Structure formats: C-alpha cells, structure tokens
Amino acid sequence: MISSIFQCNIIELSKINDRAGNLSFVENSKNIPFDIKRVYYIYDVPGGSDRGGHAHKNLEQFVIAVSGAFEVSLDDGTNKKIVRLDRPFMALHIQKGIWRETRNFTSGSVCMVLASEEYDEKDYIDDYNKFVAFTQK
Ligand code: TYD
C-alpha cells in the first residue's frame, strides 16, 4: 500500500521535567507503533546544509532533532509538505514509500533516527523518477 504524507505526523514523546534537565524516552510498540531495529544519528552537519533525498520501500522511521533544528521535506508522489523539527520531544513519523530530504541544519544539530528495519541498501530508492514510478505501481 502506498503511504501518504498526511499519515506522516509528529508525535510528542513522553517528557519528564526536572530542574536539572528534561528527559524523554521511547519504548518499542508503546509510544511508537513498531519495534526499533536500528538507531542512527547524523551530527557535525555544517550549518545551513541539506542532505540528499531518498525513499524507502519498506522501512518506516521516526526522526528527532535531539539537538538544534532542521527541516524535513516529505513527498508522496502527489503531495508535499515541509516539517520543521526543533524540539527533542517531537518525533516525526515517516511512513514507508515517502521521498524525504533533510534541509537547513542549524550548526551543532543532531538528527536521530529510529528505524523499523536494519540497514539494507536494496530498500533505498535514490532516484526521484524511479520513486514516482514506484508510487504509481
Ligand atoms: P544515507 O542513508 O544515504 O544518508 P543521507 O540520505 O542522510 O545522506 O547514508 C549515508 C551513508 O551511510 C551510506 O553510504 C550508507 C551508510 N549507512 C550505513 O552504513 N548504515 C546505516 O544505518 C545508515 C543510515 C547509513
């Protein structure tokens, strides 16, 4: 089934407030709808940079700006939207089959990704025209 950008929503993670700092957490299948198989994070991104686009055939993920801010552009082949992530308790759910680009990283920002699958090069669609063809299958 092809996903829509309208299914890519921000969820607010649990947050424990403390004078000595806040704490957020994620638990498999409790506050997110899948079991996490992999966590990766992107850091040391030069301020103002963009990272190239791709889609995944099967993988879904949550993207969190654990530090700093950046924008995620989402495209399901028909509709597009841009989401700004700038708080560590906001997690953007990117469904499978969505073309995404990450843009405008602030200096020192960290993008953490909670993924439903292990790394698999074959799950990537790196070419936008192939992505559009994929959404029309
Ligand atoms: P990629 O997913 O293309 O990142 P972006 O689209 O944000 O630029 O990954 C960049 C490189 O890192 C690519 O060579 C694959 C490698 N990689 C892994 O080896 N394991 C991983 O879990 C991820 C996410 C990437």
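Reader: Before we look at any helix, what counts as a polar contact?
Author: A polar contact is a pair of N or O atoms within 3.5 Å, and within protein one must be able to donate a hydrogen and the other to accept it, while residues adjacent in sequence count only if both atoms are side-chain atoms. This is a predicted model, in which local features need pLDDT of at least 70 and side-chain atom pairs count only at pLDDT 80 or more, whereas totals for chains, interfaces and linings use all residues. Residues are numbered from 1 along each chain as its sequence is written, and side-chain values use heavy atoms, with hydrogens and water left out.

Reader: OK, so which residue caps the N-terminal end of α1?
Author: That is D127, which has a side-chain oxygen 3.0 Å from the backbone nitrogen of N129. Helix α1 covers residues 128-135 (helices are DSSP runs of H or I with at least four residues, strands are runs of E with at least two, numbered from the N terminus).

Reader: And which residues of α1 are buried?
Author: They are F131, F134 and T135, where buried means under 20% relative accessible area and exposed over 50%, with a 1.4 Å probe and protein chains only. Seen down the axis of α1, they fall within an arc of 95°, taken from the directions to the C-beta atoms, so they line one face of the helix. On the other side of α1, N129 and K130 are exposed.

Reader: What do those buried residues of α1 pack against?
Author: They pack against β5, β7 (70-75), β10 and β12 (124-125), judged by contact, meaning heavy atoms within 4.5 Å.

Reader: You mentioned β10, so what about T102: buried or exposed?
Author: T102 sits in strand β10 and counts as buried because its relative accessibility is 12%. Beyond residues up to four places away in sequence, T102 touches D50, R51, F70, E71 and V72.

Reader: Switching strands, where is V113, and what is it in contact with?
Author: V113 lies in strand β11, and because its relative accessibility is 2% it counts as buried. Leaving aside neighbours within four places in sequence, V113 is in contact with R38, V39, Y40, Q61, F62 and V63. The C-alpha atoms of V113 and I36 are 9.8 Å apart, although 77 residues separate these two along the chain.
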